Amino acid sequence: MYKMKNLLKLNLILFPILVFIFGCNSSDSLKKEGKVSEENIEYNVSEGDYINVKSSNTDNTNTYTKNILIPFEKIDGCDYVVKGKIEYIKNGTVVATVDFGDGQCDDIATKTVDGKEHTYNLGGKKKSSRYKKNILIPLVKIDGCDYIVEGKIEYIKNGTVVATVDFGDGQCDDIATKTVDGKDHEFKLGKKGKKPKKGKKPKKGKKPKKGKKPKK
């Protein structure tokens with residue numbers, strides 16, 4: 001009886017200690033997994049994901065204006081913008097429009113550029129097995145600029161937004177802002193919105209072979 005009481009006391013002392021140890025290890029591993037996953041987000045943009053705001057007039061101005069014809073709308077249980085229409089105007093002419101649909105939950109929008117109508121996927125052309133991508137604000141590229149100048153994308157995992165990327169307000173620069181865990185970070189873009197690749201070190205040139213001495 002005395003031994004059983006001692007064993008019971010020992011178990012009561014050890015149990016909270018073990019819970020604390022394993023609980024900490026579990027939360028630490030989850031944090032590490034989350035961090036690794038966020039670092040693995042690909043912020044690339046494919047050609048089909050953006051619209052070209054350009055003009056037939058040959059001038060040096062890259063400025064344009066936009067006009068929201070139908071306010072953007074989202075509904076519960078749907079990740080995508082389901083309704084809304086926006087037009088882009090340059091030199092007094094409507095050069096592009098984007099229509100998000102009639103309220104149905106799908107990832108399809110319609111863009112009209114140079115009078116030609118195309119459907120495109122709000123989840124992006126390239127799919128990821130880790131994240132769902134959602135274009136919230138149309139991505140825009142302008143004449144004479146190598147970068148995406150406007151637009152916003154969010155990245156979703158298991159129904160939760162884990163990151164967003166904002167490409168700016170229409171100015172031509174190579175800066176975008178990503179938001180992860182509520183914190184904003186600026187980063188540099190490569191051409192067409194791609195994250196620049198790290199340059200490889202140039203290979204060292206081989207030393208020329210020494211010529212053989214002529215035989216006597």
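Which cysteine forms a disulfide with Cys145? The exercises below begin with this link.

**Conventions.** The structure is a predicted model, in which local features need pLDDT of at least 70 and side-chain atom pairs count only at pLDDT 80 or more, while totals for chains, interfaces and linings use all residues. Residues are numbered from 1 along each chain as its sequence is written, and side-chain values use heavy atoms, with hydrogens and water left out.

**Exercise 1. Identify the disulfides and place each cysteine in the fold.**

Step 1. A disulfide is taken as a pair of cysteine sulfur atoms within 2.5 Å. The structure holds 2 of them.

Step 2. Cys145 is bonded to Cys172, with the sulfur atoms 2.1 Å apart. This link is right-handed, with 90 degrees about the S-S bond. Cys145 lies in the loop between β7 and β8, and Cys172 in the loop between β9 and β10 (175–180), so that distant parts of the chain, 27 residues apart, are linked. Helices (H or I, at least four residues) and strands (E, at least two) are DSSP runs, numbered from the N terminus.

Step 3. Accessibility is classed as buried under 20% relative accessible area, exposed over 50%, and partly exposed in between (1.4 Å probe, protein chains only). Cys145 is buried at 2%, whereas Cys172 is partly exposed at 39%.

Step 4. Cys78 is joined to Cys105, at an S to S distance of 2.1 Å. Here too the link is right-handed, with 90 degrees about the S-S bond. Cys78 is in the loop between β2 and β3 and Cys105 in the loop between β4 (93–102) and β5 (108–113), so the pair ties together parts that are 27 residues apart in sequence. Cys78 is buried at 7%; Cys105 is partly exposed at 45%.

Step 5. With the bonded cysteines numbered in sequence order, the pairing reads 1-2, 3-4.

**Exercise 2. Determine the strand order of the open sheet and its edges.**

Step 1. Two strands pair if DSSP finds at least two bridges between them. On this basis 6 strands form an open sheet of mixed pairing, in the order β1-β7-β8-β9-β10-β11.

Step 2. The edges are β1 (50–53) and β11 (183–188); each has a single partner strand, so one side of each is left without a neighbour in the sheet.

Step 3. Neighbouring strands are turned by 20 degrees against each other on average, direction ignored. Axes are lines fitted to C-alpha atoms, for helices over the stretch in contact, and angles run from 0 to 180 degrees between N-to-C directions.

Step 4. Within the sheet, β8 (residues 150–157) and β9 (residues 160–169) run antiparallel and are joined by 7 bridges. Glu150 stands opposite Asp169 in β9.

Step 5. Edge strand β11 contains Glu186, which is exposed with a relative accessible area of 63%. Contact means heavy atoms within 4.5 Å. Apart from neighbours within four places in sequence, Glu186 is in contact with Ile175, Ala176 and Thr177.

**Exercise 3. Examine salt bridges that connect separate parts of the chain.**

Step 1. Side chains of opposite charge can pair when their charged atoms come close. The criterion is a side-chain nitrogen of Lys or Arg within 4 Å of a carboxyl oxygen of Asp or Glu. The whole structure yields 5 salt bridges.

Step 2. One of them pairs Lys133 with Asp49, the closest N and O atoms being 3.7 Å apart. Lys133 lies in strand β7 (residues 132–142) and Asp49 in the loop between α1 (2–39) and β1, so parts 84 residues apart in sequence are tied together. Both Lys133 and Asp49 are buried.

Step 3. Another pairs Lys132 with Asp79 at 2.9 Å, N to O. Lys132 belongs to β7 and Asp79 to the loop between β2 and β3, so this pair ties together parts that are 53 residues apart in sequence. Lys132 is partly exposed at 37%, as is Asp79 at 23%.

**Exercise 4. Assess the confidence of the model.**

Step 1. pLDDT is the predictor's confidence in each residue, from 0 to 100. The chain averages 74, and 62% of the residues score at least 70.

Step 2. Over residues 12–37 the pLDDT stays under 50, and the model has 3 contacts beyond four places in sequence for this stretch. Residues 197–204 are also below 50, with 0 contacts beyond near neighbours in sequence.
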